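I opened this entry to look up strand pairing, helix packing and nonpolar cores. The notes follow in the order I checked them.

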Amino acid sequence: MTPVEMELFNAIEKRGRVDFAGAGRVIGAAFLTEQLLRGNEDRPRTLALYDVAVVGELDLEASAVGFPVEFVRCSFDSEPNFEQASVAGLYFTDCRLPGFRASQVRVQDGLALDDCQVNGCVQLTGAHVAGQLNMRDCVITGGAEGALEADGLRVDQDAYLCGRFRVTGLARMIGAHLGGEFVCDGAVFRNPGVATALDLRSIVVKEHVLWRRGFSVEGAVNLSGSDIGGQLLCHGARFYNLRGPALDAPGMKVRQQAEFTEECTAIGELNLVACEFGGWLSFTGGTFRNPGGMAINLQLASTAMNLTMRGGTVVHGKLCLSNARVGGAVRAQGGLFWNRFETAIEALGLRVHGELSLGTQYGVRFRSQGQVVFSEAHVGGNFDCTDGWFENEERDALVARGIRVDRNVALRNGFSANGRVDFAGASVDGKVDLRHGRFESRTEAVRCDRIRVGHAVKFDHARVLGGVQMRDAHVGTEVTFDGAVIVGSPALKLTGTQIRSTLRLAFAEKPVGPLDLRQVTTGSFDDRDGDWPEGTETRLDDFVYGALHDDSVKVPKRLEWLRTHHKYVPQVYLQLASTYARAGRQDEATDVLMAKEDVRRRSLNGFFGSLHRIVWLLLSPTVGYGYRPLRILWWLGALVLVGGPLFHGLAENPDNFAPVRKDVQDVWFNPWLYTIDLLLPIMSLEHSQLWVPLHGARWASLAFTVLGWVLAVCLVTGIGRLFKRDER
């Protein structure tokens, strides 16, 4: 033995706790091995070596060390070998090692590599540590294929890989089991040039995983199939991998909440497919970048509470929530989601128990560039995009085809979409509120075909550049456009829509583009003079409404617009007339029916059309096509007033009238009775039969007779029309 070894030997002989200060002197590994393997009667209670240089291989493979051993500021020229050994406690503090071999070691207390520098591989495969694993501030520089090998490691308490902990090379802990916390605050894992830096597949952590305050990984972190009994906290963590996923954790289970917050950064994909979270899942304040690819993948994932991506969250790339389940609410107010010309958020089949909020937080707007898709999703609360900003120019900006919303949809108060908003086939139990929203698209800006809404749809004061299309929809109460501005081709298309209460237009200005209200059914209709666009493309075929509001367009204005800007459709006039008739406004109803006949006659062409128009020249002024038969009395009265003086003047010349019998005296002639008798061709007063008109009186009598027959024919025709329902 060397003098220093003799000194150590004598210290051990005293038993008890041995604190040996080597002052940088050398001790042979073989001698040290011999002392560590002393029998129970000769062993110390604890052996602590300070500032010792161990020369040679410290080989304790498959051996038993019955007391704790501490190395403080020691150096080793060979890898200590504790493989399959059993040690009461093993602690290295501020030591220099070329490697550390401890596969399948059994440590009855704790294992520490605290503030050590290891230029090689730390092997803990299959090791079992009954106490804590402490690797604070440890720096490991190993190979790309293995710097820390701890597959199957079992630690009954906490594992600390934190502080200035650094690993260069692959760190593996596949199938490890940690009975307490897994603390990696401030740790750095690097494996440049290789895809994986930290492999934690199927790891089990009974308590929390804490990756905070400078935790950084260059290369992939693999947590697939892992099970974390507490929280996963990644506050301020950094994940970086350009070769594939930055965090690859499909099937991971986190029994409490998971947080990627407080400036957490991921460059590369966060793969959380089919993960389960027992608490909330938060990305608020984090930055996640994978331009043109998947940034965060939560497909088939589930969280028992809220999913939050509020103000400060930046996602550059796709966020996938397809078929995910959220037990609480999804809150992304103020988040920024950026994947230009591609899909920014894909949430097909997402299920949210509470509300889905894509609006504003503390004055910061939700913003997306790229398509946002919630088709076939189910939202148990409100779908609230109030003041949100969606941009996907010349494409769909917000797609929610077939979505089910148990409460309300709000796209209002500063909501802005540059690209189509598509809610086709959606089902909303509450209302759809688009008041004060801004919608712009080269095609239809808002598409709500086949939507089912329990209450109202409101476009009040909205600005829609591209038009609204809402075909075959069902709305429980009203659809309103108070103060809205709509431009499109068509501006408004509601074909086949059923509205239980009111359809109210009342636009802020005349729409630019036609309206298509074909086959629309509504309880009442409210419009204004400025609601009807110019041109003839507007369609009102089979538009059915139960009532018109009293302050709506007056009948002359309405008929003038129909005559000049709508092609002849009988149902349009019949519907309008029946509405006035049900309201007790018979005069207006009659005016509409007469206008219908006017337009119908003008629409006829050809020879028979000309005949109809000739008949129109007679029926319209005389009996109003039969709708105003009493007009005939005015014509009769006027002709009597003309004929009385005329025939009185003619009768002053005895040559104009000759009595049919000698007993008829000239004084019997009454020009008024004579005129009336001529105008009543069917019945006779037998006054005109007493006189034979001659010269000018003959032609005057013939004219009045013909006029009488014309009026009679018009009256019979008109009365006949009263008993005939004309739907031509």
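I looked up Ile-499 and found that its bridge partner in β70 is Thr-522. This is a predicted model, and I read it as such. The strands concerned are β68, residues 498–504, and β70, residues 521–526, which pair in the parallel sense over five bridges.

I then followed β70 to its pairing with β71. Two bridges join β70 to β71, residues 544–545, and these strands also run parallel. Here I noted Thr-521 opposite Val-544 of β71.

Next I turned to the helices. How far apart are the axes of α3 and α4? I read 12 Å, with a packing angle of about 170° between α3 (residues 555–565) and α4 (residues 570–582). An angle over 145 degrees counts as roughly antiparallel, so I entered α3 and α4 as roughly antiparallel to each other. From α3, the contact uses Val-555, Arg-558, Leu-559, Leu-562 and Arg-563. From α4, I listed Val-572, Tyr-573, Leu-576 and Tyr-580. Sorted by class, this contact has seven nonpolar residues, two charged and no polar ones.

Last, I checked the cores. The largest nonpolar core has 189 residues. Which of its members touch the most others? I wrote down Phe-182, Trp-211, Phe-239, Phe-260, Phe-374 and Phe-423. I took Phe-374 further and left out its neighbours within four places in sequence; its contacts include Ile-345, Leu-356, Phe-383, Leu-398 and Ile-403. Apart from the largest core I found another, of five residues, among them Tyr-160, Cys-162, Val-183 and Leu-233.

How values were computed. Residues are numbered from 1 along each chain as its sequence is written. This is a predicted model: local features need pLDDT of at least 70, side-chain atom pairs count only at pLDDT 80 or more; totals for chains, interfaces and linings use all residues. Side-chain values use heavy atoms; hydrogens and water are left out. Axes are lines fitted to C-alpha atoms, for helices over the stretch in contact, and angles run from 0 to 180 degrees between N-to-C directions. Helices (H or I, at least four residues) and strands (E, at least two) are DSSP runs, numbered from the N terminus. Angles under 35 degrees count as roughly parallel, over 145 as roughly antiparallel, 65 to 115 as roughly perpendicular and the rest as oblique. Contact means heavy atoms within 4.5 Å. Ala, Val, Leu, Ile, Met, Phe, Trp, Tyr, Cys and Pro count as nonpolar, Asp, Glu, Lys and Arg as charged, and the others, Gly among them, as polar. Two strands pair if DSSP finds at least two bridges between them. A nonpolar core is a set of buried Ala, Val, Leu, Ile, Met, Phe, Trp, Tyr and Cys residues joined through side-chain atoms within 4.5 Å. Buried means under 20% relative accessible area, exposed over 50%, partly exposed in between (1.4 Å probe, protein chains only).
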